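Q: Could you take me through one part of this protein up close, the pair of strands and whatever links them? I'd like to know which side chains meet there and what sits on the surface.

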Amino acid sequence: MSEFDPYEELEKQKAEAEARFASEADGARMTVMQDQGMYRHLRFDFPRAS
């Protein structure tokens with residue numbers, strides 16, 4: 001019987017999530033529409049997202 005290492009599984013899932021995010025966010029843009037102190041209007045464009 002093999003031992004289950006929860007930290008190893010967590011690191012594996014984290015690496016998969018980071019790779020997935022990097023591929024989905026490739027080409028993404030953030031535009032600052034307004035920046036007035038506490039008020040900020042940001043626009044995000046993800047060309048690969050629906």
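A: Sure, but a word on the model first. It's a predicted one, so local features need pLDDT of at least 70 and side-chain atom pairs count only at pLDDT 80 or more, while totals for chains, interfaces and linings use all residues. Residues are numbered from 1 along each chain as its sequence is written, and side-chain values use heavy atoms, with hydrogens and water left out.

Here's the setting. The protein has one helix and two strands, in the order α-β-β from the N terminus. These elements are DSSP runs numbered from the N terminus: helices are H or I with at least four residues, strands are E with at least two. The C-alpha trace spans about 60 × 25 × 15 Å along its principal axes. The radius of gyration is 18 Å, whereas a compact globule of 50 residues would have one near 10 Å; that value is taken over C-alpha atoms, and the globule rule is 2.2 Å times the number of residues to the power 0.38. Of the 50 residues, 0% count as buried. Buried means under 20% relative accessible area, exposed means over 50%, and partly exposed is in between, with a 1.4 Å probe and protein chains only.

Now to the strands, starting with the charged pairs. There are two salt bridges, each being a side-chain nitrogen of Lys or Arg within 4 Å of a carboxyl oxygen of Asp or Glu. In one of them, Arg29 and Asp45 meet at 2.6 Å, N to O. Arg29 belongs to strand 1 and Asp45 to strand 2, so this contact ties together parts that are 16 residues apart in sequence. Arg29 is exposed, at 54% relative accessible area, while Asp45 is partly exposed, at 31%. The other bridge joins Arg40 and Asp35 at 3.1 Å, N to O, and both of those residues are exposed.

Then there's the nonpolar side of things. Met30, Val32, Leu42, Phe44 and Phe46 make a nonpolar surface patch of about 480 Å². Strand 1 (29-36) and strand 2 (39-45) are the elements that give two or more residues to this patch. For a nonpolar patch, the residues need over 30% relative accessible area and no salt bridge, and nonpolar side chains (Val, Leu, Ile, Met, Phe, Trp, Tyr) are joined within 5 Å; patches of like charges are joined within 9 Å. Areas come from the Shrake-Rupley method with a 1.4 Å probe, and for residues only the protein chains shown count as cover. Val32, in strand 1, counts as partly exposed because its relative accessibility is 47%.

Last, the link. Met38 sits in the loop between strand 1 and strand 2, and Met38 is exposed, with a relative accessible area of 82%. From Met38 to Glu18 is 30 Å, C-alpha to C-alpha, with the two 20 residues apart in sequence.
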